[in-house]
Amino acid sequence: MNMKKLYLFLVLMTIVSVATAQDYQYKDVPFTAVHFSDSYLLPRIKACHDVTIPYAFKMSEEMGRIENFEVAAGRKQGKFHGEFPFDDSDVFKILEGASYLLAVQKDEKLDAYLDDLAQLISEAQEPDGYLYTNRTIGGTLHPWAGEKRWEKDWDLSHETYNLGHFFEAASAHYAATGKKNVLDIATKAADLLYKDYIGGQLNIAPGHQVVEMGLVRLYRVTKEPRYLELARYFLETRGRSGRFDADSDDQWRNGQYWQNHALVRDQREAVGHAVRATYQYCGMADIAALMSDEGYLTAIDAIWENIVGRKYYITGGIGAIPGNEGFGPDYHLPNATAYCETCAAIGNCMFNHRMFMLHGEAKYIDVLERSLYNAVLSGISLSGDHFFYPNPLECGEAGQERSAWFGCSCCPSNLSRFIPSLPGYQYATQAGRLYANLFVDGKAEITVDSKPVKIAMNTRYPWDGDICMTLTTKGKQQFALCLRVPGWASNEPVPTDLYSYADGQNTNVVVVKVNGKAAKYTMDKGYAVVDRKWKSGDKVEMVLPMQPRLVKAHDNVEADRGMLAVEMGPIVYCAEQVDNEQPIGEVTINEKTRFEAKYNADLLIGTNVLTGKAKYIFTLDDGTKIDPTTDLVLIPYALRSHREPCAMRVWLKKD
């Protein structure tokens, strides 16, 4: 299909889609309607408000990212600061996160700062809408930028990547404040993109996806169908641009690194850079929902199976290869060299949330939860101002220490926008149904079938499996309450055969009560569904069988053969040398090893600590090998590297 035919096809599909008003069948509940009061996630959100976002803006000022806009705006004389031409995107992501904070908590100082920043960005924007400080500043262009606009966007200029993050920030800011000062800049830039790409029929697929997601978000705010059309255009150009050599083994040359090796609807395997990939899959999910594209749906269904069945770490991390920050071959999941970029874990959460909204199945939330509680939260310190880029599952004696900042600071800025949005992942609705997806102590105000329902959830999750929900309704309301039964509570750590429990225990016993009495419920897509007329004061209790479990990997995962990992509920645990007397690399456990969980309020942020008896190999002077027992102490993987640099392991040797 040539670009002219592609353009006509997209116009027709956009008209049809808008006319039929398709969208996700399952709706997320806005994070502004959900308020956490727990002791694990809420402190992370507070740290983001008090520390991470102010710190990220401060670092953006110190590293010249803000000054780039000042120079582009003509307020200052100077040159472009920074190692990369896409540094503008960091400012945009932090702006998005700050907008989320404004949406739930009034902050006049932050509001004023964002208004000043919006004015600066508007002055840095060129008259026709172009927004890219590296080119606008002039002088010596970054070699990745290209002599002409957009010409190297397929490579590393990341012009549309910058704009994608800006579109998301503008949509968030408008939703939070009702002001159009940021939104107007975004629509001006989007109009230019439409004119240059669709009007000019540019055959350039973005080298780093996210503009597709951003345009869909902008479409939702403005209802401008051209933005939806343009989002699809960018996806449809992928695999058509000709900038790849299919016979090459190099991922950059064959297009796999940036997912340009095939039409998106023909892709079935996760390849290349993991962040780029998950952002593309999010965009495809959006188009599948909004434009009822079965081809896109078939593709992302297969890709999801490939990731979760063959390329997914027990910690919820994705992207095994440091060289391409991306996916390796099937079952290639090394531990010490695992890349597992924090941004990739965030992208995986976003992708799985969209997959839930398409299908309404609990397994997608299971994957989201594992990635969130382990791989994402590992990426940021409890203090909120130190960060991990990669998240390996094994470290030597030197350990791994979080960094205060990076030359390419995509992870700190991505955490700045993701963590404040976490309450939006807890609940969802569908016609006649209310879904409880995540279990976090707090309150929510939700609309079910146009009627208000208030929920107060009381739980210590993820430290134990007792959950109590108190409902407040206006009179009696008929709807189905759908309680996610996590896979780990049904003897299934992940919804594929990639990992399984090795301890032989059967914990497939979930108790659901209404007002103290056993409730009748049906199981549907991984949810315990209680359908009845609810009244104010009704209490729903669910008890999940949470206890330490031993996990083994599929035999095809060479790195984990002869190894066992330990988890409890959604939390994956690790051994740090600081807690253990014997070298953790020599400690062994087996399927019969039992661990005891005890909550320690004084350790780190307050956490469960697992203790058990293990063996270790010790050689006497005469060469005799003995295996005495030793105490083995484990802490949550996400809380590692907070005390002193030391060895760390998730997978332990099996005796």
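Helices (H or I, at least four residues) and strands (E, at least two) are DSSP runs, numbered from the N terminus. The model is predicted, so local features need pLDDT of at least 70 and side-chain atom pairs count only at pLDDT 80 or more, while totals for chains, interfaces and linings use all residues. Residues are numbered from 1 along each chain as its sequence is written, and side-chain values use heavy atoms, with hydrogens and water left out.

**Exercise 1. Classify the ring pair Phe31 and Tyr100, and locate both residues.**

Step 1. Rings of Phe, Tyr and Trp (its six-membered ring) pair if their centres lie within 6.5 Å; planes under 30 degrees apart are stacked, over 60 edge-to-face, and the rest tilted. The count by this rule is 33 aromatic pairs.

Step 2. For Phe31 and Tyr100 the centres are 5.1 Å apart and the planes make 80 degrees, an edge-to-face pair.

Step 3. Phe31 is in the loop between β1 (27-28) and β2 (34-36), and Tyr100 is in helix α4 (residues 88-104). The pair links distant parts of the chain, 69 residues apart.

Step 4. Buried means under 20% relative accessible area, exposed over 50%, and partly exposed in between (1.4 Å probe, protein chains only). Phe31 has 15% relative accessibility, so Phe31 counts as buried. Tyr100 has 8%, so Tyr100 counts as buried.

**Exercise 2. Describe the surroundings of Tyr130, starting from its pair with Trp150.**

Step 1. The ring centres of Tyr130 and Trp150 are 5.3 Å apart with planes at 75 degrees, so the pair is edge-to-face.

Step 2. Tyr130 lies in the loop between α5 (108-124) and α6 (133-137), and Trp150 in the loop between α6 and α7 (159-177), 20 residues apart. Both Tyr130 and Trp150 are buried.

Step 3. A charge sits over a ring if NZ of Lys or CZ of Arg is within 6 Å of the ring centre and within 35 degrees of the ring normal. The charged end of Arg149 sits over the ring of Tyr130, 4.2 Å from the centre.

**Exercise 3. Which helices and strands each supply at least two residues of the lining of the largest pocket, and which supplies the largest share?**

Step 1. On a 1 Å grid over the protein atoms alone, a pocket is an open set of points where a 1.4 Å probe fits, with protein on both sides within 12 Å along at least five of seven lines; lining residues have an atom within 4 Å of a point.

Step 2. The elements are α1 (3-20), β1, α4, α7, α9 (211-222), α11 (274-290), α13 (342-359) and α15 (410-418).

Step 3. The largest share, six residues, comes from α9.
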